[in-house]
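Work through the following exercises with the model open beside the text, and try each task before reading its solution.

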Amino acid sequence: MLGPPIVMIEKVCKSFGENHVLRDVSLTVRQGEVVVICGRSGSGKSTLLRCIDQLETIDGGTIRAAGHLMGFRERNGKRQPLRDAEIAVQQRDLGMVFQNFNLFPHISVIENITLAPVRILKRKRAEVREEARELLKRVGLPDKENAYPRQLSGGQQQRVAIARALAMKPKVMLFDEPTSALDPEMISEVLDVMTGLSEQGMTMIVVTHEMGFARAAADRVILMHDGGIVEEAAPEKFFGNPESEHTRLFLSKIL
Ligand code: ADP
Ligand code: MG
């Protein structure tokens with residue numbers, strides 16, 4: 001079912017000053033795989049996602065994603081950092097969904113979705129709008145194309161944010177606590193969209209504490225602790241018989 005590796009993270013290190021936030025993190029994700037990352041606040045989950053998407057520059061190690069050596073070019077065995085414009089090209093293949101939706105407030109839903117494909121990919125507006133309407137159906141918001149973000153609930157805004165990311169036809173989707181800012185009654189509508197995406201074969205790395213989603217949709221669940229991966233297992237094993245004391249403690253607090 002799963003394809004070849006599409007994200008390969010090798011011994012990635014990242015510090016902020018003296019704070020070693022990622023310590024030799026290695027992780028391989030295969031095409032079509034859903035990996036859920038959990039761990040207590042400050043363990044480095046967001047930083048890892050941000051490093052994959054080059055929103056942070058890594059200090060050491062290697063990240064390959066969607067066919068790119070993220071942030072660098074290799075020439076004669078040597079590495080050179082890429083310029084911002086070159087990084088932006090790599091980022092097109094990765095969709096990122098944040099906790100706080102980050103929609104553009106001053107433009108409509110459909111404009112939020114079509115902006116990047118038109119401006120960045122230089123695609124035809126009419127064609128992109130057609131696709132945006134399809135995406136809005138897919139996230140359950142077919143009648144909201146002309147609404148503005150402030151007119152939508154948090155759950156609706158997050159579904160638009162997912163549609164906006166999908167409009168770039170990413171090869172991998174990264175989600176950073178996509179339901180943490182939502183009222184409880186809106187969490188499932190967002191998780192349902194994400195489950196649908198996973199069923200359609202999307203490769204997803206999802207930071208979340210929604211353990212029901214992890215059980216149902218994840219191929220693998222990972223626990224991060226102090227900047228490292230301390231557990232990595234199929235959901236049955238992760239929840240039923242974890243190896244790490246950290247995982248047992250984490251689960252006892254969250255479940
Ligand atoms: P998590 O998402 O697991 O809660 P983060 O990756 O956000 O953890 O943060 C891990 C650590 O890195 C924390 O100690 C946090 O304070 C620190 N950190 C994250 N981003 C920055 C930044 N831009 N500047 C300085 N420290 C940061
Ligand atoms: Mg975080």
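The exercises below concern confidence, a ligand shell, a helix and two backbone angles.

This is a predicted model, in which local features need pLDDT of at least 70 and side-chain atom pairs count only at pLDDT 80 or more, while totals for chains, interfaces and linings use all residues. Residues are numbered from 1 along each chain as its sequence is written, chains are lettered from A and ligands numbered from 1 in the order in which they are written, and side-chain values use heavy atoms, with hydrogens and water left out.

**Exercise 1.** State the confidence of the prediction.

Solution. The protein chain averages a pLDDT (the predictor's confidence in each residue, from 0 to 100) of 97, and 100% of the residues score at least 70. For the complex, the predictor gives an ipTM of 0.99 and a pTM of 0.97.

**Exercise 2.** Describe the shell around ligand 1 and its polar contacts.

Solution. Begin with the residues near the ligand (one heavy atom within 4 Å of it): F16, N19, V21, R40, S41, G42, S43, G44, K45, S46 and T47. By class, the shell divides into two nonpolar, seven polar and two charged residues, where Ala, Val, Leu, Ile, Met, Phe, Trp, Tyr, Cys and Pro count as nonpolar, Asp, Glu, Lys and Arg as charged, and the others, Gly among them, as polar.

Next, look for polar contacts (pairs of N or O atoms within 3.5 Å). A backbone N or O atom of G42 lies 2.7 Å from an oxygen atom of ligand 1, a polar side-chain atom of N19 lies 3.1 Å from a ligand oxygen, and for a polar backbone atom of S43 the distance to an oxygen atom of the ligand is 3.2 Å. Of the 560 Å² of accessible area (Shrake-Rupley method, 1.4 Å probe) that ligand 1 has on its own, the protein covers 60%.

**Exercise 3.** Why does the length of helix α5 agree with expectation?

Solution. The expected span is 1.5 Å times one less than the number of residues, so the 13 residues of α5 (residues 154-166) should span 18 Å, and its end C-alpha atoms are indeed 18 Å apart.

**Exercise 4.** Is each of K11 and F101, both with positive phi, buried or exposed?

Solution. Most residues other than glycine have a negative phi. K11, in strand β1 (residues 5-16), has a positive phi of about 45°, and F101, in the loop between β8 and α3, has one near 65°. With buried meaning under 20% relative accessible area, exposed over 50% and partly exposed in between (1.4 Å probe, protein chains only), K11 is exposed at 56%, whereas F101 is buried at 11%.

Technical notes: Helices (H or I, at least four residues) and strands (E, at least two) are DSSP runs, numbered from the N terminus. A polar contact is a pair of N or O atoms within 3.5 Å; within protein, one must be able to donate a hydrogen and the other to accept it, and residues adjacent in sequence count only if both atoms are side-chain atoms.
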